[in-house]
Amino acid sequence: MSNHIFIIRFKHFNTIVSLLLIIAIWEALTRILNIPSYILPSPLQIAITMDKYFEYLLMNLGNTLVSALAGLAIAAFFSLSLSILLSYSDFVRSTIYPLITGFNAVPRAALVPLLALWFGLGFLPKVLTAFLIAFFPILVPTLTAMITIEKELYELLLSLGATKSQILIKIALPRAMPYFLSSLHIGLTGAFVGTVIAEMIASSNGLGYVILSSTSRLDTPLAFSCLFLLTLTTIAISKILSIVERRVVKWAYRAGV
């Protein structure tokens, strides 16, 4: 147990050291090459900018965070619900799934102006864009896990008198939970990407709006501050999801992993 804890701490230590090394090299290169801040700001300039605009950045981060998490929650709910429906009926799956796959090929950024036209500027287009990008990456692994029960096991359960609904609820759904929870990490990234895209096109707040407005003024340190906050926030939420995943589907992981 103590060795396992030591290994985990050592891995975190390696990550922190690597990050600090990258920051140090970045800072040194911007100084040695005398790179203008409007092209590539140094980490020190970004830190100064974040301190200067701390409250402004925090407020816009809150707007982005609420929209992204709302879109992710809706995507998770619909993905799980639709996976249950599609795995239960082969006819429904063969009818609806190709339509969903085809829609997934449509660039989401192209839909943002239409969403703004239909629902106005602000919160709703951001949530819908986050939902549209996060939905498919959650649906696919969840549905695949539900419909790939071994043929021998499926036939055995039927021969023992299990109904299709019982197999779905007691076998397919628990089997799919690790995949569903794991896919939320990809959905989270997609939700933030969708929110930022929508904020650049159809919003007057949020980090996406700040990135767009700051780059138009060549205020690159402010844009990098937004990117840093987005990265840090995504990592933090992903870590929380990992903890929840380990607690909920602890049985799905090998001991010591």
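The following exercises, each with a worked solution, concern the predicted model shown above.

Local features are taken only at pLDDT of at least 70 and side-chain atom pairs only at pLDDT 80 or more, whereas totals for chains, interfaces and linings use all residues. Residues are numbered from 1 along each chain as its sequence is written, and side-chain values use heavy atoms, with hydrogens and water left out.

**Exercise 1. Overall architecture**

Task: State how many helices and strands the protein chain has, and give its spans along the principal axes.

Solution:
1. Helices (H or I, at least four residues) and strands (E, at least two) are DSSP runs, numbered from the N terminus.
2. The protein chain has 10 helices and zero strands.
3. Its C-alpha trace spans about 75 × 55 × 30 Å along the principal axes.
4. A contact requires heavy atoms within 4.5 Å. Of the contacts between residues at least 6 apart in sequence, 74% join residues at least 24 apart.
5. Of the 257 residues, 37% are buried; buried means under 20% relative accessible area, exposed over 50%, and partly exposed in between (1.4 Å probe, protein chains only).

**Exercise 2. An aromatic cluster**

Task: Describe the geometry of the pair formed by Phe-78 and Phe-131, and identify the cluster that includes these residues.

Solution:
1. A pair of aromatic rings is described by the distance of the centres and the angle of the planes.
2. Rings of Phe, Tyr and Trp (its six-membered ring) pair if their centres lie within 6.5 Å; planes under 30 degrees apart are stacked, over 60 edge-to-face, and the rest tilted.
3. The structure holds five aromatic pairs. In the pair of Phe-78 and Phe-131, the centres are 5.9 Å apart and the planes meet at 65°, an edge-to-face arrangement.
4. This pair links distant parts of the chain, with Phe-78 in helix H3 (residues 54–88) and Phe-131 in helix H6 (residues 123–147), 53 residues apart.
5. Phe-78 is partly exposed at 43% relative accessibility, while Phe-131 is buried at 17%.
6. The rings of Phe-131 and Phe-135 have centres 5.6 Å apart and planes at 45°, so this pair is tilted. Because Phe-131 and Phe-135 are four residues apart in helix H6, about one helical turn separates them.
7. Phe-77, Phe-78, Phe-131 and Phe-135 form one aromatic cluster.

**Exercise 3. The nonpolar core**

Task: Determine which residues of the largest nonpolar core touch the most other members, and which helix supplies its largest share.

Solution:
1. A nonpolar core is a set of buried Ala, Val, Leu, Ile, Met, Phe, Trp, Tyr and Cys residues joined through side-chain atoms within 4.5 Å.
2. The largest core has 41 residues, of which Leu-57, Leu-72, Phe-135, Leu-184 and Leu-207 touch the most other members.
3. Helix H6 supplies the largest share of this core, nine residues.
4. Phe-135 is buried, with 13% relative accessibility. Leaving aside neighbours within four places in sequence, Phe-135 contacts Ala-75, Phe-78, Ser-79, Leu-82 and Ile-100.
5. Apart from the largest core lies another of eight residues, including Ala-145, Met-146, Ile-149 and Leu-157.

**Exercise 4. Positive phi in loops**

Task: Locate Asn-34 and Leu-218, and report the phi of each.

Solution:
1. Asn-34 lies in the loop between helix H1 (2–32) and H2. Its phi is positive, about 55°, although Asn-34 is not a glycine.
2. Asn-34 is exposed, with a relative accessible area of 63%.
3. Leu-218 is in the loop between H9 and H10. Its phi, near 60°, is also a positive value in a residue other than glycine.
4. Leu-218 is exposed, with a relative accessible area of 54%.
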